[in-house]
Amino acid sequence: WRVLAIYMILAANLSEQQALKQACPSCDASQLCNCSSMGLDFIPLGLSAKITVLDLAHNRIKRIRSQDLQQAVNLRALLLQSNKISSIDEDSFRSLAKLELLDLSNNSLAHVSPVWFGHLFSLQHLHLQGNSYRDLGESSPFSSLSNLSSLHLGNPQFSVIRQGNFEGIELLHKLWIDGSNLSQYEQGSLKSIKKINHMIINLRNGNIFSEIVRDLLHSVTWLEVTDIELPVEKKSLVQNSTRPFRIQKLTFKEAFFTDQTLSQAIVLLKEITSLKELEAIDCVLEGKGEWKTKEITRSGQSFVETVTIIKVMIQNFHLFFDLEGMESQINNLKRLTIASSNVFMVPCKLARHFSSLLYLDFHDNLLANKRLDETICEGSWPSLQTLNLSQNSLKSLEQTAKYTSRLPKLNNLDISQNNFGAIPDVCEWPKSLKYLNLSSTQIPRVTTCIPPTLEVLDVSANNLKEFGLQLPTLKELYLTKNQLKALPGATPIPNLVALSVRRNKLNSFSKEELEGAQVGSVHLSLMECHRSLVVSVICILVFLVILLLVAVGYKYHVVWYVRMTWAWLRAKRKPKRAPLKDVCYDAFVSYSENDSNWVENTMVRELEQACPPFRLCLHKRDFVPGKWIVDNIIDSIEKSRKTLFVLSEHFVQSEWCKYELDFSHFRLFDENNDAAILVLLEPIQSKAIPKRFCKLRKIMNTKTYLEWPAGEEQQQVFWENLKAALKS
């Protein structure tokens with residue numbers, strides 16, 4: 001009877017679970033609860049300890065209350081972005097000690113309270129950007145977050161950063177700050193953070209930029225600044241900075257430069273001796289290249305080894321100066337990328353001073369053959385090993401090969417996506433060339449223009465109909481997206497180890513095509529030969545096995561018996577009867593939620609207002625909040641003299657059949673135990689009771705039970721009999 005009571009109360013409390021299932025259908029029996037974009041105005045009831053990921057993004061939630069997440073003690077990720085949250089109770093996250101990700105971005109929070117995060121000891125990722133707070137308060141909201149790895153904060157209203165705002169944070173993998181309208185920065189505010197791998201800050205106020213840089217030189221490895229307009233700054237960037245410097249990479253995105261501000265920035269950045277890489281993406285330069293080259297030269301040598309410039313817009317770029325006087329600043333540069341920036345030439349005099357450059361990427365520019373003669377003149381780029389000229393305006397393959405042959409150490413050349421059209425029979429290439437990319441160049445055939453020294457050749461997407469070159473050192477050949485009807489011969493390419501012939505017109509292979517290197521040791525699996533068929537068969541078999549298991553489990557009630565055994569073992573460890581001093585109720589009432597009106601408004605009033613009154617235990621009223629419901633049920637039964645079961649058709653049909661009696665193990669019934677009182681609220685057909693509950697049917701056939709009569713006179717007798725049973 002104890003376990004029956006457990007089931008009855010569980011069924012009564014399923015209303016909260018039903019509400020959760022209705023709000024978030026994916027929450028049912030799942031650790032990941034997806035409630036995003038459901039139009040919710042509040043966090044749904046019924047969240048349990050089994051949930052590890054809760055997604056409530058893109059709803060209309062305005063407040064997080066103390067009890068909303070109280071039971072979700074195993075939550076690892078909580079996504080609340082893009083709601084209307086303006087209020088969070090101080091202890092809303094108190095029970096989330098295992099939480100690793102909290103996203104509160106794009107809400108309406110007007111302040112950030114350190115109390116919210118006081119118990120989030122495992123938190124690694126915190127997103128607070130896109131709210132309406134103007135500052136972080138007088139102290140640090142993050143002082144208890146010792147495991148924090150990434151922090152996103154700021155918004156268009158965010159205007160002040162104070163000293164102490166970041167106290168408690170020692171190491172961050174990523175720090176992202178939207179400071180587009182930041183107007184006040186107290187010097188030293190970011191200095192307390194010992195290490196930041198990557199920091200991104202949206203900053204329009206150029207005067208604050210230098211102050212922030214001074215505080216970050218010792219901690220940040222990669223600093224990325226967006227939307228900034230650099231001022232004319234003459235004050236040192238390393239003044240009062242902590243050494244040794246850690247910063248290695250500086251990126252500007254969507255920034256605005258003039259000739260004057262860029263010249264001054266070059267001078268000031270030389271003081272940062274640890275800086276090795278500069279990057280500019282989607283920036284605008286207003287000027288013609290009239291840089292202060294003398295001042296730049298006097299400031300000494302640059303330590304930067306890598307420069308990347310992508311999609312930089314220079315109005316009237318065709319009037320840009322040749323940067324004469326900058327020769328001394330490029331001697332130590334090793335990698336240079338200028339892409340999608342309308343580059344049409346590099347002056348020969350300047351090109352000859354790139355004495356240490358190993359890698360040069362000019363893809364997606366306006367380089368043509370006439371200007372390539374100037375760009376790659378005799379003596380230019382003496383150490384260059386890799387050159388990317390793809391997506392330019394090159395028209396002559398013969399001239400392109402001739403000009404690149406001036407590069408004595410070049411071994412990797414990409415000239416793909418140029419419209420060459422024709423290919424000559426003979427070309428002059430660098431003697432050390434090993435890799436050549438000629439894909440998408442509109443060449444109609446391959447000739448001996450292709451250098452025989454190659455180890456890797458890519459001629460994909462050229463509509464080639466055949467390939468018959470002799471390339472004795474070639475190891476990789478890419479022929480994708482052509483019109484080949486036969487494989488290239490094996491004899492001319494004896495050292496080939498990789499061949500790509502996808503998307504051609506190959507129908508069969510002949511023995512002669514495979515002569516040369518042995519392929520007998522290659523064993524293709526059934527999956528490689530018939531992948532689609534094998535995958536289809538596996539999917540069908542898996543589906544049939546799952547279907548069979550579901551059918552067997554349903555027929556023999558496997559899940560029910562497993563759960564029954566588990567609950568039975570738990571109940572057996574409990575004592576059958578609590579000490580008399582602990583008994584504080586006359587009866588524990590177990591009933592279906594559908595019969596709550598009769599129980600709570602009729603039976604409770606009659607018994608608790610009797611003389612002397614009976615004290616009843618009801619789950620809705622007397623359970624301990626926050627305690628597991630099963631423990632509540634067992635404890636309440638043990639503290640009650642009797643257990644009163646209210647049986648009805650609702651009980652045996654709706655609740656039992658729908659929820660399969662998760663914890664109703666009727667084998668625990670003791671037929672000779674008079675502690676159980678059965679009240680039959682309405683006639684129950686014996687055949688309506690599921691067959692596997694034979695114990696209940698047997699007890700109803702052998703044990704006296706009280707029936708609720710229809711007439712008022714018989715009802716008075718019913719109450720007297722029930723009171724006598726409770727007193728016995």
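**Figure 1. What covers helix 4 in this predicted model.** The cover over the buried residues of helix 4 includes four strands and a helix: strand 14 (249–253), strand 15 (256–258), strand 16 (277–281), strand 17 (284–286) and helix 5 (293–298). Helix 4 itself is mostly covered. Nine of its 11 residues are buried. Among them are D259, L262, S263 and Q264. A265, V267, L268 and L269 are also on the buried list. In general, an α-helix has 3.6 residues a turn, so residues three or four places apart point the same way.

**Figure 2. T261, a buried residue of helix 4.** T261 sits in helix 4, which spans residues 259–269. Is T261 buried or exposed? T261 counts as buried because its relative accessibility is 7%, and the cut-off for buried is under 20%. Which residues does T261 touch, leaving aside those up to four places away in sequence? They are L230, P231 and V232.

**Figure 3. S219, in a loop between a helix and a strand.** Find helix 3 (206–216) and strand 13 (220–226). The loop between helix 3 and strand 13 holds S219. S219 has a relative accessible area of 0%, so S219 is buried. Now look for its contacts. Residues up to four places away in sequence are not counted here. S219 then touches I193, K194, K195, I196 and R246.

**Figure 4. S219 and L190, compared in sequence and in space.** How many residues apart in sequence are S219 and L190? The separation is 29 residues. In space, their C-alpha atoms are 9.2 Å apart.

**Figure 5. Residues 533–554, a span listed by UniProt.** An unreviewed UniProt entry lists residues 533–554 under "transmembrane region". In the model, this span is 100% helix and 0% strand. The C-alpha atoms at its two ends lie 32 Å apart.

**Figure 6. The whole protein chain, as a setting for the close-ups.** The protein chain has 17 helices and 32 strands. Of its 728 residues, 47% are buried. Its accessible surface comes to about 36,100 Å². Carbon and sulfur atoms account for 52% of that surface. Next, take the contacts between residues at least 6 apart in sequence. Of these contacts, 63% join residues at least 24 apart.

Notes. Residues numbered from 1 in each chain as written. Predicted model: local features only at pLDDT ≥ 70, side-chain atom pairs only at ≥ 80, totals over all residues. Heavy atoms only, no water. Buried < 20%, exposed > 50% of the residue type's maximum accessible area, 1.4 Å probe, protein only. Contact = heavy atoms within 4.5 Å. Areas by Shrake-Rupley, 256 points an atom, 1.4 Å probe, with all protein chains shown as cover. UniProt positions renumbered as here; feature names shortened; annotations may be inferred.
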